[in-house]
Amino acid sequence: AGSPCPSTSTVSSGYDPGQDFAAGGGEQIHFVVHSRADAAADKAGALLRWARAQPSPPLAWVDEVPSGCADVSLHPEELLAFALAHLGLCPKLVVLAGPALLDSLWAVTLLHAWSCLGRSLEDVTLLLAVPTGEEAVVEAKAAGRAVLEAFDAFAVMYARADAEGPISRSLGAQLMLAVELASASAYNEAVRACVPLVHAQLDSLDA
């Protein structure tokens with residue numbers, strides 16, 4: 001079963017990037033996009049391996065998907081604006097790409113928003129959220145190929161607003177309206193632009 005928010009000892013998930021920017025901090029804050037439907041252990045493992053490979057413990061804002069761990073102090077119609085505001089404050093993006101990621105219209109909307117901010121793929125780190133370990137090599141490669149196929153053939157018409165679980169009608173309407181205003185092709189292009197990043201991760205599995 002999936003978990004809303006993976007956590008590690010080296011990545012801060014309860015940090016407000018606005019506080020650091022307001023204080024004039026120079027941290028490179030990473031916004032982490034994921035799907036609640038992907039396995040929590042796979043997401044946490046990918047994030048931890050990435051964090052341990054950094055020269056110093058990275059600072060990250062792990063997105064709270066709108067079902068299960070969303071901020072209860074916010075009204076449903078405020079959740080998307082809250083997420084987009086924090087995305088805009090983070091100069092780096094980490095995508096935990098599991099097999100279920102692109103089923104989520106919430107996650108896809110955040111990927112599209114990143115491209116609308118004019119950010120570069122050079123500032124995106126894509127991590128395959130797949131099983132690890134010698135006994136899971138075949139499973140990991142199969143899951144990785146499934147992720148690649150999902151990105152390569154992505155069409156937003158198949159992404160679901162309720163893929164993360166039950167959400168409010170108002171939030172669902174916001175997500176659908178965002179697609180209509182931007183156009184389906186713009187969403188599709190934003191997601192498919194990440195295909196080279198998925199290829200690079202698959203190559204690392206074969207190394």
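## Two salt bridges

Let's start with a pair of charged side chains: Arg160 and Asp162 form a salt bridge, and their closest N and O atoms are 3.4 Å apart. Arg160 is partly exposed, with a relative accessibility of 41%, and Asp162 is partly exposed too, at 45%. Keep in mind that what you are looking at is a predicted model.

How many salt bridges does a search of the whole structure find? The count is 2. Besides the Arg160 pair, there is one where the side chains of Lys92 and Asp123 meet, at 2.9 Å from N to O. Lys92 belongs to strand 3, while Asp123 sits in the loop between helix 4 and strand 4, so this pair ties together parts that are 31 residues apart in sequence. Lys92 is partly exposed, with a relative accessible area of 22%; for Asp123, also partly exposed, the value is 25%.

## The overall layout

Now step back to the protein chain as a whole. It has 8 helices and 4 strands. If you walk along the sequence, they come in the pattern α-β-α-β-α-β-α-β-α-α-α-α.

Of the 207 residues in the protein chain, 44% are buried. Then there are the contacts between residues at least 6 apart in sequence: 84% of these join residues at least 24 apart.

## Helix 4, wrapped up

Helix 4 covers residues 105–116. Is this helix enclosed or open? Of its 12 residues, 10 are buried, so helix 4 is largely enclosed by the rest of the structure. The buried ones are Leu105, Trp106, Ala107, Val108, Thr109, Leu110, Leu111, His112, Ala113 and Trp114.

What does the covering? The list includes strand 1 (29–33), helix 3 (79–89), strand 3, strand 4, helix 6 and helix 7. As for length, 12 residues at 1.5 Å a residue should span 16 Å, and the end C-alpha atoms of helix 4 are indeed 16 Å apart, which agrees. After helix 4 comes Gly118, which has a positive phi, near 80°.

## Helix 5, with two sides

Helix 5 runs over residues 137–152. Its 16 residues should span 22 Å at 1.5 Å a residue, and the distance between its end C-alpha atoms, 22 Å, agrees with that. Where do its buried residues sit when you look down the helix axis? They fall within an arc of 145°, so they line one face of helix 5.

The buried residues in question are Ala140, Ala143, Gly144, Val147, Leu148 and Phe151. The spacing makes sense: an α-helix has 3.6 residues a turn, so residues three or four places apart point the same way. The buried residues of helix 5 pack against strand 3 (92–97), strand 4 (124–128), helix 7 (184–192) and helix 8 (195–206). Over on the other side of helix 5, Val138, Glu139 and Glu149 are exposed.

## A charge without a partner

Next, have a look at Glu164, which is in the loop between helix 5 and helix 6 (169–182). Side chains of opposite charge can pair when their charged atoms come close. Glu164, though, is buried and has no salt bridge. Which side chain of opposite charge is nearest to Glu164? That would be Arg36, 6.1 Å away. With the cut-off for a salt bridge being within 4 Å, the pair does not count as one.

Glu164 does have a polar contact, though: its side chain meets the side chain of Ser35 at 3.5 Å.

## His34 and Leu79

His34 is in the loop between strand 1 and helix 2 (40–52). Its relative accessibility is 0%, so His34 counts as buried. What does its side chain reach? One polar contact, of 3.2 Å, joins the side chains of His34 and Lys43. The side chain of His34 also reaches the backbone oxygen of Asp63, at 2.9 Å.

Last stop: Leu79, in helix 3. At 11% relative accessibility, Leu79 is counted as buried. Leu79 and Pro66 are 13 residues apart along the chain, and their C-alpha atoms are separated by 7.0 Å.

Technical notes: Residues are numbered from 1 along each chain as its sequence is written. This is a predicted model: local features need pLDDT of at least 70, side-chain atom pairs count only at pLDDT 80 or more; totals for chains, interfaces and linings use all residues. Side-chain values use heavy atoms; hydrogens and water are left out. Buried means under 20% relative accessible area, exposed over 50%, partly exposed in between (1.4 Å probe, protein chains only). Lys and Arg count as positive and Asp and Glu as negative; His and the chain ends are not counted. A polar contact is a pair of N or O atoms within 3.5 Å; within protein, one must be able to donate a hydrogen and the other to accept it, and residues adjacent in sequence count only if both atoms are side-chain atoms. The expected span of a helix is 1.5 Å times one less than its number of residues. The arc is that of the directions from the helix axis to the C-beta atoms. Contact means heavy atoms within 4.5 Å.
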